[in-house]
Amino acid sequence: ILPVTGLVHIVRSGNTLSEIAKTYKAQIDEIIETNELIDESDIYIGDILVVPNGILPKKVPIYSETQLANSYFKFPVEGRITQTLHWYNGVDIGNKCGTPVFAAAAGTVLKAKYGWNGGGGNVVTIMHKNGVVSYYGHLEVISVKVGDNVDLGDRIGLMGGGKGMDGAGISTGCHLHFTVIGAKNPFGKLPFNYKMAYVGE
């Protein structure tokens with residue numbers, strides 16, 4: 001359920017905020033305010049934007065999902081599934097705050113951002129060579145910066161999300177929110193309380 005009347009847009013390569021606003025007959029300043037953006041340029045491929053009062057156009061943009069092998073992404077952190085598939089293709093993996101979080105596949109860091117970030121808290125996103133983006137939310141510490149090339153298993157941060165912690169976002173306990181944008185989340189069908197091993201195992 002969206003926090004306002006409107007719709008959701010996933011930022012794709014080449015999108016600008018003015019183009020997004022025009023497509024959905026929305027106001028740029030309302031998109032900026034609702035998504036707590038710094039300015040018009042503060043969007044990244046794979047961002048999930050709430051477009052307040054947006055109207056679905058007659059010709060809806062069609063985006064196809066990239067087909068990936070189930071083994072493409074490895075477990076990004078040790079822990080247990082504490083919430084199955086929810087809020088745009090994401091799963092929650094719980095463990096102690098401070099548990100290392102790893103890149104689930106090789107790629108380039110698109111976003112490494114501290115703050116509220118729409119409730120995701122401290123966030124890292126990684127662009128993979130196939131155009132798919134992986135998202136790591138509720139981090140206590142971020143260990144990478146925008147533009148870094150990371151390999152599978154490189155540490156990108158530490159698990160956060162503890163109640164009252166800085167950068168927890170909308171979270172009531174230590175966990176990683178892991179999302180795949182542009183393809184199926186291979187962990188989306190795992191059952192509640194499924195134990196995940198370290199990345200690569």
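# Strand S12, the cores and the largest pocket

From S12, His 175, His 177, Thr 179 and Ile 181 point one way, while Leu 176, Phe 178 and Val 180 point the other way, and all are buried. The model described here is predicted. Because seven of the seven residues of S12 are buried, the strand is largely enclosed by the rest of the structure. S12 gives the most residues to the largest nonpolar core, namely three, and the most to the lining of the largest pocket, namely four.

**Strand S12 and its partners**

- S12 (175-181) is joined to S4 by five bridges, and the two strands run antiparallel.
- Within that pairing, Val 91 has Phe 178 of S12 as its bridge partner.
- Strand S8 (residues 133-137) is also joined to S12 by five bridges, again with the strands antiparallel.
- Here Tyr 135 stands opposite Thr 179 in S12.
- Phe 178 and Thr 179, the residues of S12 named in these two pairings, point opposite ways from the strand, and both are buried.

**Nonpolar cores**

- The largest nonpolar core has 28 residues, and those touching the most other members are Val 124, Tyr 136, Leu 176 and Phe 178.
- At least two residues of this core come from each of strand S4 (90-94), strand S7 (123-127), strand S9 (139-142), strand S11 (155-159) and strand S12 (175-181).
- With three residues, S12 is the strand that gives the most to this core.
- A second core, separate from this one, has 13 residues, including Leu 17, Ile 20, Ala 21 and Ala 26.

**The sheet S5-S11-S9**

- Three strands, in the order S5-S11-S9, form an open sheet with antiparallel pairing.
- Strand S5 (100-102) and S9 are the edge strands, and each of them pairs on one side only.
- On average, neighbouring strands of this sheet are turned by 35° against each other, direction ignored.
- Three bridges pair S9 with S11 in the antiparallel sense.
- Val 141 stands opposite Leu 158 in S11.
- Both S9 and S11 are among the strands that supply at least two residues each to the largest nonpolar core.

**Thr 125 in strand S7**

- Thr 125 lies in strand S7.
- Its relative accessible area is 3%, so Thr 125 counts as buried, the limit being under 20%.
- Neighbours within four places in sequence aside, Thr 125 is in contact with Thr 108, Val 109, Leu 110, Lys 111, Val 133, Ser 134 and Tyr 135.
- Among these contacts, Tyr 135 is the residue that stands opposite Thr 179 in S12.

**The largest pocket**

- The largest pocket holds about 910 Å³ of space.
- It is lined by 33 residues, of which Trp 87, Asn 117, Gly 118, Gly 119 and Gly 120 are the closest to its centre.
- Strand S2 (48-52), strand S3 (79-86), strand S6 (107-113) and S12 each supply at least two residues of the lining.
- S12 gives the most to this lining, with four residues.

**Strands S1 and S2**

- S2, one of the strands that supply the pocket lining, is mostly covered, with four of its five residues buried.
- Strand S1 (residues 6-10) pairs with S2 in the antiparallel sense over five bridges.
- The bridge partner of Leu 7 in S2 is Val 51.

Note on methods
Residues numbered from 1 in each chain as written. Predicted model: local features only at pLDDT ≥ 70, side-chain atom pairs only at ≥ 80, totals over all residues. Heavy atoms only, no water. Core = buried A, V, L, I, M, F, W, Y, C linked by side-chain atoms within 4.5 Å. Buried < 20%, exposed > 50% of the residue type's maximum accessible area, 1.4 Å probe, protein only. Pairing = 2+ DSSP bridges. Axes fitted to C-alpha atoms, helices over the stretch in contact; angles between N-to-C directions. Contact = heavy atoms within 4.5 Å. 1 Å grid on protein atoms, 1.4 Å probe; cavity = no way out; pocket = protein on both sides within 12 Å on 5 of 7 lines; lining within 4 Å. Points joined across faces, edges and corners; volume = space filled by probe spheres on them.
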